[in-house]
Amino acid sequence: MTLSIFILVGAFFLANSVFAYQVKFVGQDFSDLIKYQLYVLPIFFVVNLLLGFGFKIAYKYLNNMTVVLAMSKGIEITALLVVSYLFFSELPTWKTFLGLGFIVSGLTLVKM
C-alpha cells in the first residue's frame, strides 16, 4: 500500500508541476502552448503509467475503487498545495484545510 501512495504522490506532483510551469513560464501565444504540450507529452505518458500502476496496486490492497479514488484526490490536492507554494509562493487558507478535512472525512466514511 505504501508503494502505491508513493507512486501516486510522484505522479500527481509531476503532473501539477508541469501545469504550474506552463502557467508561470510559457507564453500566452497559442503556438507556444502547443509547442510546450508537445514537449511534455513524454512526461504525461510517464504520469499516466504511474497513475495506472498506483491505482492498480492500491485496488489490490483495498478492493474498493471508491476508496482508492477518494484517497487519490486527497493526495492530488496535497501535491497541488506543495506545487502552488513552490511555483507561486501561495499559502493555503483555512478554506483549503477545511476542504482537505472534508476529503479525509469522506474517505473515512466510505471506508467504514
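Student: Where is the place of Asn63?
Tutor: This is a predicted model. Asn63 comes just after α3. Its place is the loop between α3 and α4.

Student: What is the phi of Asn63?
Tutor: Asn63 is a residue other than glycine. Even there, phi takes a positive value. For Asn63 it is near 55°.

Student: Is Asn63 buried or exposed?
Tutor: Its relative accessible area is 58%. The cut-off for exposed is over 50%. Asn63 is therefore exposed.

Student: Which residue in the loop between α4 and α5 has a positive phi?
Tutor: The loop in question comes before α5, which covers 94-111. The residue there is not a glycine, and its phi is about 55°. It is Ser89.

Student: Why does Ser89 count as exposed?
Tutor: Exposed needs over 50% relative accessible area. Ser89 passes that cut-off because its relative accessible area is 56%.

Student: How far does α3 reach from its first C-alpha to its last?
Tutor: Helix α3 takes in residues 41-62, which is 22 residues. At 1.5 Å a residue, 32 Å is expected. The model comes close to that, at 31 Å.

Student: Which helices do the buried residues of α3 pack against?
Tutor: The buried residues of α3 include Phe44, Val47, Leu51 and Gly54. Phe55, Ile57 and Ala58 are buried in α3 too. Their packing partners are α1 (2-25), α2 (30-39) and α4 (65-88).

Student: Which elements give two or more residues to the largest nonpolar core?
Tutor: That core has 17 residues. Among those with the most contacts inside it are Leu8, Phe12 and Phe44, along with Val47 and Leu51. The elements that give two or more residues to this core are α1, α3 and α4.

Student: Which residues does Leu8 contact, leaving aside neighbours within four places in sequence?
Tutor: Leu8 is one of the residues with the most contacts inside the largest core. Its partners include Leu51, which is buried in α3. The full set is Leu51, Gly54, Phe55, Met71, Ser72 and Ile75.

Student: Is Ser4 buried or exposed?
Tutor: Ser4 lies in helix α1. Its relative accessibility is 0%, and buried means under 20%. Ser4 is therefore buried.

Student: Which residues does Ser4 touch, not counting those up to four places away in sequence?
Tutor: Ser4 sits in α1. The residues it touches are buried ones of α3. They are Gly54, Ile57 and Ala58.

Technical notes. Residues are numbered from 1 along each chain as its sequence is written. This is a predicted model: local features need pLDDT of at least 70, side-chain atom pairs count only at pLDDT 80 or more; totals for chains, interfaces and linings use all residues. Side-chain values use heavy atoms; hydrogens and water are left out. Helices (H or I, at least four residues) and strands (E, at least two) are DSSP runs, numbered from the N terminus. The expected span of a helix is 1.5 Å times one less than its number of residues. Buried means under 20% relative accessible area, exposed over 50%, partly exposed in between (1.4 Å probe, protein chains only). Contact means heavy atoms within 4.5 Å. A nonpolar core is a set of buried Ala, Val, Leu, Ile, Met, Phe, Trp, Tyr and Cys residues joined through side-chain atoms within 4.5 Å.
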